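Hi,

Here is the structure I promised to pass on. Have a look at it first, and my notes follow underneath.

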Amino acid sequence: MAGYRRQLYRDDAVVLRVQKLGESDRIITLLTRRHGRLRAVARGVRRTTSKFGARLEPFGHVDVQLAGDPKGNTGSALHSVSQVEGIDLYGKRFLGDYPRYTAASAIAETAERLTPVEREPSLRLFQLTLGALKSLARGEHATTLVLDAYLLRGMALAGWAPALIACAVCGTPGRHRAFSVPAGGAVCPDCRPPGAAHPAPATIDLMSALTSGDWVLADATETGVRRECSGLVAAHLQWHLERALRSLPLVDRGATPTAGPVRQAGAGGLPGRVAEAGAVDVSREMTE
């Protein structure tokens, strides 16, 4: 229609991923406060003369103006970025810090996987993602603790939280020593399936502390307990996602990323695939 102009609307968003489009454009994947996850074309942002290209980098918190139908009922599925203001560009703080950069990459990839439907509002996940990136940028807690807390709380929002204070199968309350990813978490002796892991009690306590936000307990844990916790959390998440996250094997946890409890969790063959995921250039994955 002659003279038709696309609707303009604003929202604040976290930049999850950017992909090259043509010679000078990019497709930006955003997790917005009010409109959920969506993709938009930023034209000319790869040119040196771009006015807002530097603001549309992964992990940035931005105020963005978009052109398109916010409900996605009319027009192209891809909106257009018409204006961007940086609120806090966390990505620039991670560039020289491999552990924080890879943890932020895992957070962004998880946020994208937990929002399979575009334009479906998810305010709690937006706030959780933004809070995790803020914590990484400020260095308030160990990088792996922030990541695992995000993954556990993200699974809780999705309805996949592992059972920690009761048997995942029969509901018997108490601290149970066995942990089965396919069963849904801690299991009692009567319900324990073959191949269940037997993490240290301190590992289950750490998972509970990260879920509830007890940072005093979490910060006091030892390295070995954190590694075991990370293995169980990663296996549990990827079991429910039904595919491995490309960024998780690269997260610097102070040891081989998929050692120990991940292989013991009995996650239907998934941990083996995680271990064999290989080295992926995370910066390329986030920007191409």
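A question to start with: is Cys191 buried, partly exposed or exposed? Keep in mind that this is a predicted model. Cys191 comes out as partly exposed, because its relative accessible area is 22%, and the cut-off for buried is under 20%.

While we're on cysteines, I looked for disulfides too. The search covered the whole structure and turned up zero. For Cys191, the closest cysteine sulfur belongs to Cys188, and the two sulfurs sit 3.5 Å apart, which is too far for a bond; a disulfide would need them within 2.5 Å. Cys229 is another story as far as exposure goes: its relative accessibility is 1%, so it counts as buried.

Now the sheet. Five strands make a closed barrel in the order E1-E2-E3-E5-E4, and the pairing is mixed. From one strand to the next, the twist averages 45°. E1 and E2 (residues 25-32) run antiparallel and are joined by eight bridges. If you want a spot to zoom in on, Val18 stands opposite Ile28 of E2.

Two helices are worth viewing against that sheet. H2 lies across E1, E2 and strand E3 (36-42), and runs at about 115° to E1. H3 packs on the sheet as well, where it touches E1, E2 and strand E4 (60-67), with its direction at about 60° to that of E1.

Arg17 is also in E1, which spans residues 8-21. Arg17 has a relative accessible area of 18%, so it is buried. Its side chain makes a polar contact of 2.6 Å with the side chain of Glu112.

On to the nonpolar packing. The largest nonpolar core has 50 residues, and the members touching the most others are Phe94, Leu133, Leu147, Tyr150, Met207, Leu210 and Leu248. At least two residues of this core come from each of E1, H2 (98-113), H3 (123-138), H4 (143-158), H5 (201-212) and H7 (223-241). Another core lies apart from it, with 17 residues, including Ala13, Ala40, Ala42 and Leu66.

Leu210 is a good place to centre your view. Leaving aside residues up to four places away in sequence, Leu210 touches Leu145, Asp148, Ala149, Leu152, Arg153, Trp215, Ala218 and Cys229. That last one is the buried cysteine from above.

Cheers

Definitions and conventions: Residues are numbered from 1 along each chain as its sequence is written. This is a predicted model: local features need pLDDT of at least 70, side-chain atom pairs count only at pLDDT 80 or more; totals for chains, interfaces and linings use all residues. Side-chain values use heavy atoms; hydrogens and water are left out. Helices (H or I, at least four residues) and strands (E, at least two) are DSSP runs, numbered from the N terminus. Buried means under 20% relative accessible area, exposed over 50%, partly exposed in between (1.4 Å probe, protein chains only). A polar contact is a pair of N or O atoms within 3.5 Å; within protein, one must be able to donate a hydrogen and the other to accept it, and residues adjacent in sequence count only if both atoms are side-chain atoms. A nonpolar core is a set of buried Ala, Val, Leu, Ile, Met, Phe, Trp, Tyr and Cys residues joined through side-chain atoms within 4.5 Å. Contact means heavy atoms within 4.5 Å. Two strands pair if DSSP finds at least two bridges between them. Axes are lines fitted to C-alpha atoms, for helices over the stretch in contact, and angles run from 0 to 180 degrees between N-to-C directions.
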